[in-house]
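Please open the model in your viewer and keep a selection panel at hand. The tour moves from the whole chain to single residues and back again.

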Amino acid sequence: MAFRLPLIMQAKRHILRRTLSKGEKMLSGNSNIPKGYLAVYVGVENKKRFVVPISYLHQPAFQQFLCKAEQEFGFNHPMGGLTIPCREDVFLNVTSQLES
C-alpha cells in the first residue's frame, strides 16, 4: 500500500497540467496533448494554456465555463483553441474541486 501512494500523488499532479501559451511545449516537456485530454486557454488578459481531462466536459461546473465561452466568443476563439474567459484562480479552484 505504501508503494502506491507516490503513484497516486504523481497521477493527481498530472491531471491538470499548465502549459505555456502560443503552442509552446508543456511544462512536462511533452508538446503533445495526451489521449483523453484537451487544451483550453484561460484568462482575462493574459491567457494560459491548460490541459484538462475530457471527462470534465460532463461536469456541470465545467459546462458553466463552456457556456460563458460560447456567450463571449461563439465559435471564433482568438487563441485558435477553446478559450475560457475567467480568471485563472477561479478556473484552478473549480478544476481542483473536480479532481476530488
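Begin with the whole protein chain and its contact map: among contacts with a separation of 6 or more, 51% join residues that are 24 or more positions apart. Keep in mind that this is a predicted model, and colour the chain by pLDDT, whose average is 75, with 66% of the residues scoring at least 70.

Select residues 1-15, where the pLDDT stays under 50 and where the model has eight contacts beyond four places in sequence. Then add residues 18-30, a stretch whose pLDDT is also below 50 and which has 27 contacts in the model beyond near neighbours in sequence.

Switch now to a cartoon display, in which the protein chain shows three helices and four strands; followed from the N terminus, these elements run in the order α-β-β-β-α-β-α. With a surface switched on, the accessible area of the protein chain comes to about 6,900 Å², and carbon and sulfur atoms hold 55% of that area. Of the 100 residues in the chain, 31% are buried.

The next stop is the aromatic side chains. How many aromatic pairs does a search of the whole structure find? The search finds five. Select Phe50 and Phe91, whose ring centres are 5.2 Å apart and whose planes meet at 50°, so that this pair is classed as tilted. Phe50 sits in strand E3 (residues 48-53) and Phe91 in helix H3 (residues 88-99), so the pair, 41 residues apart, links distant parts of the chain. Are these two residues buried or exposed? Both Phe50 and Phe91 are buried.

Keep Phe91 selected and add Phe65, which forms another tilted aromatic pair with Phe91, at 5.5 Å from centre to centre and with 45° between the planes. Because Phe65 belongs to helix H2 (residues 60-73) while Phe91 belongs to helix H3, this pair ties together parts that are 26 residues apart in sequence. Phe65 is buried, as is Phe91. To see the wider setting, extend the selection to Phe50, Tyr56, Phe62, Phe65 and Phe91, which form one aromatic cluster.

From Phe91, widen the view to the whole of H3, a helix of twelve residues that reaches 16 Å from its first C-alpha to its last, close to the 16 Å expected at 1.5 Å a residue. Select its buried residues, which are Phe91, Val94, Thr95 and Leu98. If you look down the axis of H3, these buried residues fall within an arc of 95°, and therefore they line one face of the helix. What covers them includes strand E2 (37-42), E3, H2 and strand E4 (82-84).

While still on H3, pick Gln97, which is found in this helix and which, at 53% relative accessibility, counts as exposed because the cut-off for that class is over 50%. Draw a distance from its C-alpha to that of Ala61: the two atoms are separated by 9.4 Å, although the residues are 36 apart along the chain.

For the last stop, move to strand E3 and select Arg49, which is found there. Is Arg49 buried or exposed? Its relative accessible area is 9%, and since buried means under 20%, Arg49 is buried. A second distance, from Arg49 to Ala39, gives 6.5 Å between the C-alpha atoms for two residues that are ten apart in sequence.

How values were computed:
Residues are numbered from 1 along each chain as its sequence is written. This is a predicted model: local features need pLDDT of at least 70, side-chain atom pairs count only at pLDDT 80 or more; totals for chains, interfaces and linings use all residues. Side-chain values use heavy atoms; hydrogens and water are left out. pLDDT is the predictor's confidence in each residue, from 0 to 100. Contact means heavy atoms within 4.5 Å. Rings of Phe, Tyr and Trp (its six-membered ring) pair if their centres lie within 6.5 Å; planes under 30 degrees apart count as stacked, over 60 as edge-to-face and the rest as tilted. Helices (H or I, at least four residues) and strands (E, at least two) are DSSP runs, numbered from the N terminus. Buried means under 20% relative accessible area, exposed over 50%, partly exposed in between (1.4 Å probe, protein chains only). The expected span of a helix is 1.5 Å times one less than its number of residues. The arc is that of the directions from the helix axis to the C-beta atoms. Accessible areas come from the Shrake-Rupley method with a 1.4 Å probe; for residues, only the protein chains shown count as cover.
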